[in-house]
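Visitor: I am new to this structure and would like to learn how to read it. Could you walk me through it?

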There are 2 protein chains.
Amino acid sequence: MSKKSAKKARDQRPPVAITEAEWAVMELLWESSPRTSQEIVALLEKERGWKRPTVLTLLTRLAAKAAVSTEPQGNRFLYTSAVERSACVAEETRSFLERMFGGALQPLVAHMAEHHSLTKKDIAELKALLDDIQPKP
Amino acid sequence: MSKKSAKKARDQRPPVAITEAEWAVMELLWESSPRTSQEIVALLEKERGWKRPTVLTLLTRLAAKAAVSTEPQGNRFLYTSAVERSACVAEETRSFLERMFGGALQPLVAHMAEHHSLTKKDIAELKALLDDIQPKP
DNA sequence: ATAATATGTTTACATGTGTAGTCGTTTTCG
DNA sequence: CGAAAACGACTACACATGTAAACATATTAT
């Protein structure tokens with residue numbers, strides 16, 4: 001269950017491309033929004049060693065591509081993710097499968113199987129997973 | 001957990017990163033090697049509209065990163081793919097799964113299921129596929 | 001021998017991306 | 001009030017990537 005109704009056009013706008021570095025910022029905003037630049041800077045300085053201007057640049061670029069929205073809060077800004085993580089993951093997945101496997105999942109699984117990238121456990125888990133899926137009606 | 005024997009070191013050297021444009025060149029060489037630049041230029045001019053220097057630049061860059069090998073043939077070169085397609089696909093796949101899904105396949109399948117990206121037929125095919133796989137011993 | 005042709009090399013340039021220094025303000029603390 | 005701190009904007013720069021013009025040289029056809 002997901003779209004259909006939603007007259008409010010809650011759809012994410014055209015697939016936003018998030019770069020590697022930007023992804024780190026988005027993860028924080030997906031984890032919790034809104035946040036101040038201060039928080040984000042502090043966290044990324046710790047986990048990636050980035051300087052404040054670096055993080056601010058990323059935030060600016062993300063805002064420019066409307067992946068995050070900014071809201072004035074006094075003299076500063078509150079940053080909020082404006083695209084859903086799952087939508088971004090979906091887009092990355094789509095383009096990856098397209099480029100590598102003609103868009104389908106089966107060839108990827110087949111490839112991994114041939115490369116012995118799947119353990120017996122992986123296979124069992126995948127089967128279980130597939131058994132629980134409700135195909136789109 | 002995987003290398004072991006293989007004294008012949010048939011391993012592809014450190015994962016070569018093939019860019020989008022370069023991929024088009026590699027596909028041709030994987031399809032058939034060796035080839036002359038002339039052939040490659042002709043084909044890519046047709047299917048991508050690229051000018052000769054563009055294709056030559058790509059060949060040069062690929063040679064620089066040892067993804068293709070060149071062999072003098074008279075005054076010109078014969079170009080041959082020097083990395084296996086499946087190895088490149090494997091690397092792309094690995095890095096993609098890493099970045100998006102923590103390296104595992106299950107979360108990807110789960111994601112696609114949630115996004116209704118899998119039809120009943122897809123699911124059936126995947127199950128069939130998994131049934132035929134021999135897990136790595 | 002000359003002119004035309006084919007080849008590879010050099011150089012070039014715009015855009016994207018990762019990273020960060022510096023600036024100009026504003027806010028806050030002493 | 002004046003100095004320090006916080007904040008966002010602007011500027012910068014190197015490297016990657018897509019794309020190609022120019023160039024030098026070798027080869028071939030006339």
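Guide: Gladly. Let us begin with the order of elements: along its sequence, chain A runs α-α-α-β-β-α-α-α. That makes 6 helices and 2 strands in chain A. Please keep in mind that this is a predicted model.

Visitor: How many residues does chain A have, and what share of them is buried?

Guide: Chain A has 137 residues, and 20% of them are buried. As for its contacts with a separation of 6 or more, 50% join residues that are 24 or more positions apart.

Visitor: How do I read the relation between two copies of a chain?

Guide: The general idea is that a rotation about an axis and a shift along it relate two copies of a chain. Here, a turn of 180 degrees with a shift of 0.0 Å along the axis lays chain A on chain B, with an RMSD of 0.1 Å. This is the relation of a two-fold axis.

Visitor: Which residue of chain A comes closest to the rotation axis?

Guide: That is K127(A), whose C-alpha lies 3.3 Å from the axis.

Visitor: Where do the two chains touch?

Guide: Contacts join 29 residues of chain A to 29 residues of chain B. On the chain A side, α4 (85-101), α5 (106-114) and α6 (120-132) each give at least two residues. The largest share, 8 residues, comes from α6(A). Sorted by class, this side of chain A has 17 nonpolar, 6 polar and 6 charged residues. The copies meet through the same surface, because 100% of the interface residues of chain A are also interface residues in chain B.

Visitor: Could we look at one residue of α6 in chain A?

Guide: Let us take I123(A), which sits in that helix. I123(A) counts as partly exposed because it has 19 other C-beta atoms within 10 Å, while a buried residue needs 20 or more. From its C-alpha atom to that of T70(A), 53 residues away along the chain, the separation is 44 Å.

Visitor: How do I read the faces of a helix?

Guide: An α-helix has 3.6 residues a turn, so residues three or four places apart point the same way. In α2(B), the buried residues are I40(B), V41(B) and L44(B). Seen down the helix axis, the buried residues of α2(B) fall within an arc of 100 degrees, so they line one face.

Visitor: What covers those buried residues of α2(B), and what does the face turned away from them carry?

Guide: The cover includes α1 (20-31), α3 and β2 of chain B. On the face turned away from the buried side, α2(B) carries the exposed residues Q38(B) and K46(B).

Visitor: How can I check the span of α2(B)?

Guide: Count 1.5 Å a residue: the 12 residues of α2(B) should span 16 Å, and the end C-alpha atoms are 15 Å apart, which agrees. Just after this helix, G49(B) has a positive phi of about 70 degrees.

Visitor: Which residues come nearest to DNA strand C?

Guide: Among the 22 residues around DNA strand C, the nearest are T19(A), E20(A), P53(A), S37(B) and Q38(B). Elements giving two or more residues to this surface are α1 (20-31) and α3 (52-64) of chain A, along with α2 (37-48), α3 (52-64) and β2 (76-81) of chain B. By class, the surface near DNA strand C has 8 nonpolar, 10 polar and 4 charged residues. Q38(B) thus appears in two views: on the exposed face of α2(B) and among the residues nearest to DNA strand C.

Key
Residues numbered from 1 in each chain as written. Chains lettered and ligands numbered in written order. Predicted model: local features only at pLDDT ≥ 70, side-chain atom pairs only at ≥ 80, totals over all residues. Contact = placed C-beta atoms within 7 Å. Helix = DSSP H or I, 4+ residues; strand = E, 2+ residues; numbered from the N terminus. Nonpolar A, V, L, I, M, F, W, Y, C, P; charged D, E, K, R; others polar. Near = placed C-beta within 6 Å. Least-squares fit on C-alpha atoms with pLDDT ≥ 70 in both. Expected span 1.5 Å × (residues − 1). Buried ≥ 20, exposed ≤ 12 C-beta atoms within 10 Å, placed from the backbone. Arc of directions from axis to C-beta.
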